[in-house]
Amino acid sequence: MSTQALPAMEQVDYIRAQKGLRSWLTTVDHKRIAIMYLIAIVSFFVVGMILGLLMRAELLSHGEQFLSGAAYNRILTLHGVIMIFLFIIPSIMAVFGNFVLPIQIGANDVSFPRLNLASWYFYMAGAALALWSVGVGGVDTGWTFYVPYSGNTDANVVLPMLAAFLLGWSSILTGINMVTTVHRLRAPTMGWRQMPLFVWGIYATAWIAVLATPVIGITLVLVLFEKFFHVGIFNASMGGDPILFQHLFWIYSHPAVYIMVLPAMAVVSEIVPVFSQKRIFGYRFIAMSSIAIAAIGSLVWAHHMFTSGMADEGRIIFSFLTFFVSVPSAIKVFNWLATMYKGSIRIELPMLFAFAFIFLFSIGGFTGLLQAALSIDIHIHDTAFIVAHFHYTMFGGTGVMFFGAMYYWWPKMFGRMYNKAAGMVGFLLFFVGFNTLYFPLFVAGLKGMPRRYADYLPEYEGYHALSTYGSWIMVTGLLILIFNLIGSLRCLRFWGTDAEENPWDAASLDWKVPSPPPTHQFASEPIIVGGPYDYPIPHLGDDDKQAGKAEVKA
Amino acid sequence: MSQANDHHDEPHLIPYKTYILVWLGLCSLTLLTVAVSYANMRHMTIPVALMVASLKCTIVVLWFMHIKFENRVLWWFLIAAVGTYVIFVILTFADYSYR
Amino acid sequence: MSDSASITTGAEKPAAHDDHHGHYGVPGYDPAAWKMGMWLFLFTELLLFGAMFIVFAVYLHKYIWQFAAGSVQLDIPIGTFNTLVLLTSSMTMALAIAVLQRGKKELAIKLLDFTLGCAALFCVVKSFEWGGKFEHGIYPGSLHLAAMTLGEQIFFGLYFTMTGLHALHVIVGAGLILWCRARIKSGAVHAERITFMDNIGLYWHLVDLVWIFLFPLFYLVG
């Protein structure tokens, strides 16, 4: 993709445009809001990570170590709530969707900037409420709030549900903003097929957020009505059906896993062609598979409920649909591999994260197919196998690509390149630790280790000990990865170098603006010629560089 | 350029008469559905009531909410949203209708 | 913007979106974007009530005769009257927009006042209806209700939940109409800048749409 219009070069970047905390808290600049999300989300991630470490430490050997069963249940709930609602669901969508998407489509902001800020406040309010209620109020229902337990427990489930409600609104507002932005603020010369695949991924995600999130909102409200007004909608003793709660919960929460993973896939689709210097293979298939995942992903929710007592016919239908949803995901994987084939691959950190994503997500995906089979699911339901599976897909997928996206767009966001060697060490530790942590859980699960238990029989000790050692390696890697980024910031400059405008030789529009971009990155309308994946980028000699910038590519 | 960016500045001026006719139509459909419910048709009561309601709903969306005169993109949006909902209903009943 | 940067052929071409602000691509007054955003928001409302209709459908399927028995305890004439009130208010809302599009500010305000009157009437009738049920001992958690069949308990539970949630939307909608009325009065909303009113109209019609389904499902299944 090349553009005729060049952005304003001599402007103050968005970070230095204004000073003071107040200027951040009242900003409507999509880039600043993205940074505020980034800070919050990474902080919550670290909290969730520490809770995960605590759980793993408790499971190091059998018998009670230092956590009582009740404390373990609370930590488990808090870990789940933080990682799902505060980290994974908003992660890539809110941070990189906000920062990168408007730039990639040649816009100066999102359609509703003030709504965007409101969405951040909803997120923070929901987060505060969630942390306070689960942390202090001692909710121990798990992040799924299943009835009847959530209706009966003495713990205060009102606040976390209210928190989930607020967080839901936050993602709905972001979703509305993204859809409208893509439709209305795309540079007039950018056609649908010239949009980067990241935009397609966020667009599909935004639709799921808009259409699925309200269902969880009303479901939680119904549980609260049951608690306060004795409207027994999910209460079997009053004629209700607890399984209906599970249906409604998963009508949202299964599409929500695609809210989590689609943006991650979209980031992979950006990174792979850049570091292969090759045009993406099957652009239209990848774009359409995002839409297909969003569509089919909304039809498979009841595979979480195969052992809940659904009708057999219903289970068969959902089992079939679940197998079916793997097709568009596989299309993406094949297209990424085909893009790399015969490309000039550069091993940089973002590319390593993309490799890790493909590897880990494939393991997660294949084990997902096992669970889609009804007979096998009965055996492995509610075992550690499931825990391993969703950590491979969610953490190995979305979590990894959240870091991948940070390592890819960091130079653009902050104008600084991190220390690549340290990043490499961090990545390797993370990758080794990740597999040591989660792979043994597959085996333990197959052998019958139940999930969510604070203790286990001695025969599972080997798997659990290995898993706990893995958690230490992985967290070391994660900390290196995080501190490598923080230390490279302009205000610290512990290591790293100043970043160029386009350090990766990328073709999309986000790399055509300065690093970091000015508040209004496009002084005038960019004229889009060609596609976002016109690789390889011709390498220009230093003399040609100035001329090359104004060059119009046919 | 795609249709999405098509501008739609000029609001479509709909004659007052149209709204009044639509209102009369909606009111008569309401009275019809009430009358039908008194006819005690047992198994047909709910399907008929739902069909009349869907008809009324379509009329409201087309005229009162001016979807009839809107940009084509909003049509697709509406189809996507309603389609998703209908599929949610059908799949929920993939379980309940067999229990 | 520095002049050195405007090496562009695009600056001459008037961009569709920046008719209000000087900068390219800075979101200003874009009626189509606001309308699109509003529709997306309406979809969330659709799915919110939609989920409740799924709940209703599941229990209707499970307790079809008990639901019929519950339904005959509701007053069809009152329900019909309220339906007509809401339909009328929907029409006056649509008319108010049409009138303002033609620049008739005073008439538009009068029509909005009428719409607000309808909203109030609806709520009053609804509260009498609820009050009547309460007097007969039918309310969530009451002993009288607990003595009924399970299906009827669910029916009335859903009746109070869904009509209550709908009434809440009526009240919110009325609040929005009041806001819109004030903005028309102050001149912030006028024939050329009518999107705000359009969107509030859309919300009000959605409230009507929900009732169009609530009415037959609760009152007429008997």
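User: What makes Asp113(C) and Arg181(C) a salt bridge?

Analyst: Set the distance against the rule: a salt bridge is a side-chain nitrogen of Lys or Arg within 4 Å of a carboxyl oxygen of Asp or Glu. The closest N and O atoms of Asp113(C) and Arg181(C) are 2.5 Å apart, so the pair passes. Asp113(C) sits in helix H4 (residues 105-135) of chain C and Arg181(C) in helix H6 (residues 150-186), so the bridge ties together parts 68 residues apart in sequence. Helices (H or I, at least four residues) and strands (E, at least two) are DSSP runs, numbered from the N terminus. Keep in mind that this is a predicted model, where local features need pLDDT of at least 70, side-chain atom pairs count only at pLDDT 80 or more, and totals for chains, interfaces and linings use all residues. Side-chain values use heavy atoms, with hydrogens and water left out, residues are numbered from 1 along each chain as its sequence is written, and chains are lettered from A and ligands numbered from 1 in the order in which they are written.

User: Why is Asp113(C) called partly exposed?

Analyst: There are three classes: buried means under 20% relative accessible area, exposed over 50%, and partly exposed in between (1.4 Å probe, protein chains only). Asp113(C) comes in at 32%, so it lands in the middle class.

User: How do you know that helix H7 of chain C has the span it should?

Analyst: The expected span is 1.5 Å times one less than the number of residues. For the 25 residues of H7(C) (residues 195-219), that gives 36 Å, and the end C-alpha atoms are 36 Å apart, which agrees.

User: What makes H7(C) largely enclosed by the rest of the structure?

Analyst: Just count residues: 23 of its 25 are buried, so the rest of the structure largely encloses H7(C). As for chain C as a whole, 60% of its 222 residues are buried, and the chain has seven helices and zero strands.

User: How do you know that chain A and chain B touch?

Analyst: Contact means heavy atoms within 4.5 Å. By that rule, 26 residues of chain A are in contact with 20 residues of chain B. The two chains bury about 2000 Å² between them, 67% of it on carbon and sulfur atoms. On the chain A side, His183(A), Arg184(A) and Leu211(A) lose the most area, together 23% of what that side buries. Buried area here is the accessible area (1.4 Å probe) that two parts lose on being put together, summed over both.

User: What makes Asp241(A) and Arg99(B) count as a salt bridge across that interface?

Analyst: Their closest N and O atoms are 3.6 Å apart, so they stay within the salt-bridge cut-off. The rule finds one salt bridge across the interface of chain A and chain B, along with five residue pairs in polar contact. A polar contact is a pair of N or O atoms within 3.5 Å; within protein, one must be able to donate a hydrogen and the other to accept it, and residues adjacent in sequence count only if both atoms are side-chain atoms. Asp241(A) and Arg99(B) also belong to a network of salt bridges with Asp95(B).

User: Why do you say Arg279(A) and Asp534(A) tie together parts that are apart in sequence?

Analyst: First the bridge: their closest N and O atoms are 3.3 Å apart. Arg279(A) lies in the loop between H9 and helix H10 (283-296) of chain A and Asp534(A) in the loop between strand S4 (528-529) and helix H17 (542-550), so the pair links parts 255 residues apart in sequence. Arg279(A), at 51% relative accessible area, is exposed, while Asp534(A), at 10%, counts as buried.

User: Why is Arg416(A) called buried?

Analyst: Its relative accessibility is 3%, so it clearly counts as buried. Arg416(A) also meets Asp498(A) in a salt bridge (2.9 Å, N to O). Arg416(A) lies in strand S2 (residues 416-417) and Asp498(A) in strand S3 (residues 497-498) of chain A, so this pair joins parts 82 residues apart in sequence.

User: And why is Gln371(A) called buried?

Analyst: Gln371(A) has 10% relative accessibility, so it counts as buried. Gln371(A) lies in helix H12 (residues 349-372) of chain A. A polar atom of its side chain is 3.1 Å from the backbone oxygen of Thr367(A). Leaving aside neighbours within four places in sequence, Gln371(A) contacts several residues, among them Phe306(A), Ile380(A) and His389(A).
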